[in-house]
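Biologist: Could you take me through how to read a helix, a sheet and a core from coordinates alone, giving the general idea before the particular case?

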Amino acid sequence: MKFSSLVASLPISRSDANDPDVWSLSEDSRTMKQGGFFLARTGTRADGRAFVADAVSRGAVAVLAPAGSGRPADLPAEVAWCEAADPAIAGAFVAERFHGNP
């Protein structure tokens, strides 16, 4: 599924025009697969933004982060980056679309 289809009409900001094919979703960089969309949420124990580089090294082609995070300078140009005021809600909508709106 195209990245643009997953984030269309969501209240997010995008920092690029990349539109990779997304084959999986994950909030855990350790389970990231090639073609994955990394949902870099902040949690009670960890901040997903600290694991963006690991997720990309494992195959992430897109990242959703909290608004105001700013695209990391060392993020490869081909990786799509977007931000949302509430990444948990945006991530839920992305997951719903990815799984065919069950």
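Biologist: Which elements cover the buried residues of α3?

Modeller: The general idea is to ask what lies against the covered residues of a helix. In this predicted model, the cover over the buried residues of α3 includes α1, β1 (residues 12–14), β2, β3, β4 and β5. The buried residues in question are P87, A90, G91 and V94.

Biologist: Where do these buried residues fall when one looks down the axis of α3?

Modeller: They fall within an arc of 100°, so they line one face of the helix. As for length, the twelve residues of α3 should span 16 Å at 1.5 Å a residue, and this agrees with its end C-alpha atoms, which are 16 Å apart. Just after α3, G100 takes a positive phi of about 80°.

Biologist: How should I read a positive phi, and which residue shows one although it is not a glycine?

Modeller: Most residues other than glycine have a negative phi. Here S9 has a positive phi of about 65° although it is not a glycine. S9 is placed in the loop between α1 and β1, and it is exposed, with a relative accessible area of 74%. A8 lies in the loop between α1 and β1 as well, but A8 counts as partly exposed, because its relative accessibility is 38% and the partly exposed class lies between 20% and 50%. The C-alpha atoms of A8 and D21, which are 13 residues apart along the chain, are separated by 14 Å.

Biologist: Turning to the strands, which sides of β3 are covered?

Modeller: The way to read a strand is to take its two faces in turn. Both faces of β3 (residues 36–39) are covered, with G36 and F38 buried on one side and F37 and L39 buried on the other. In β5 (residues 80–84), five of the five residues are buried; A80, C82 and A84 point one way, while W81 and E83 point the other way.

Biologist: In what sense, parallel or antiparallel, does each of these strands pair with its partners?

Modeller: Taking β3 to begin with, strand β2 (residues 24–26) pairs with β3 in the parallel sense over three bridges, and the bridge partner of L25 in β3 is F37. On to the next pair, β3 and β4 (residues 60–66) are parallel over four bridges, with L39 standing opposite L64 in β4. Between these two strands the chain crosses from β3 through helix α2 (residues 52–57) to β4, a β-α-β crossover that is right-handed. For β5, five bridges join β4 to β5 in a parallel run, where P66 stands opposite A84, whereas β1 and β5 pair in the antiparallel sense over three bridges, where R14 stands opposite C82.

Biologist: And what would you look for in the interior?

Modeller: In soluble globular proteins, nonpolar side chains tend to be buried together. In this case the largest nonpolar core has 15 residues, and those with the most contacts inside it are F3, V7, V22, F37, L64, C82 and V94. The elements giving two or more residues to this core are α1 (residues 3–7), β3, β4, β5 and α3. A second, separate core of twelve residues includes A55, A65, L75 and V79.

Biologist: Which residues does F3 touch, leaving aside its neighbours within four places in sequence?

Modeller: With those neighbours set aside, F3 is in contact with R14, N18, D19, P20, V22, F37, A62, A80 and C82.

Biologist: Is S26 buried or exposed?

Modeller: S26 is found in strand β2, and it counts as buried because its relative accessibility is 9%, against a cut-off of under 20%. Beyond its neighbours within four places in sequence, S26 is in contact with T31, M32, F37, F38 and L39.

Biologist: Where is F51 placed, and which residues does it contact beyond its neighbours within four places in sequence?

Modeller: F51 is in the loop between β3 and α2 and counts as partly exposed, at 37% relative accessibility. Apart from those neighbours, F51 is in contact with S29, F38 and A46. F51 and F38 are 13 residues apart in sequence, and their C-alpha atoms are 9.3 Å apart in space.

Methods: Residues numbered from 1 in each chain as written. Predicted model: local features only at pLDDT ≥ 70, side-chain atom pairs only at ≥ 80, totals over all residues. Heavy atoms only, no water. Buried < 20%, exposed > 50% of the residue type's maximum accessible area, 1.4 Å probe, protein only. Pairing = 2+ DSSP bridges. Right-handed = clockwise from strand over helix to strand, strands pointing away. Core = buried A, V, L, I, M, F, W, Y, C linked by side-chain atoms within 4.5 Å. Contact = heavy atoms within 4.5 Å. Expected span 1.5 Å × (residues − 1). Arc of directions from axis to C-beta.
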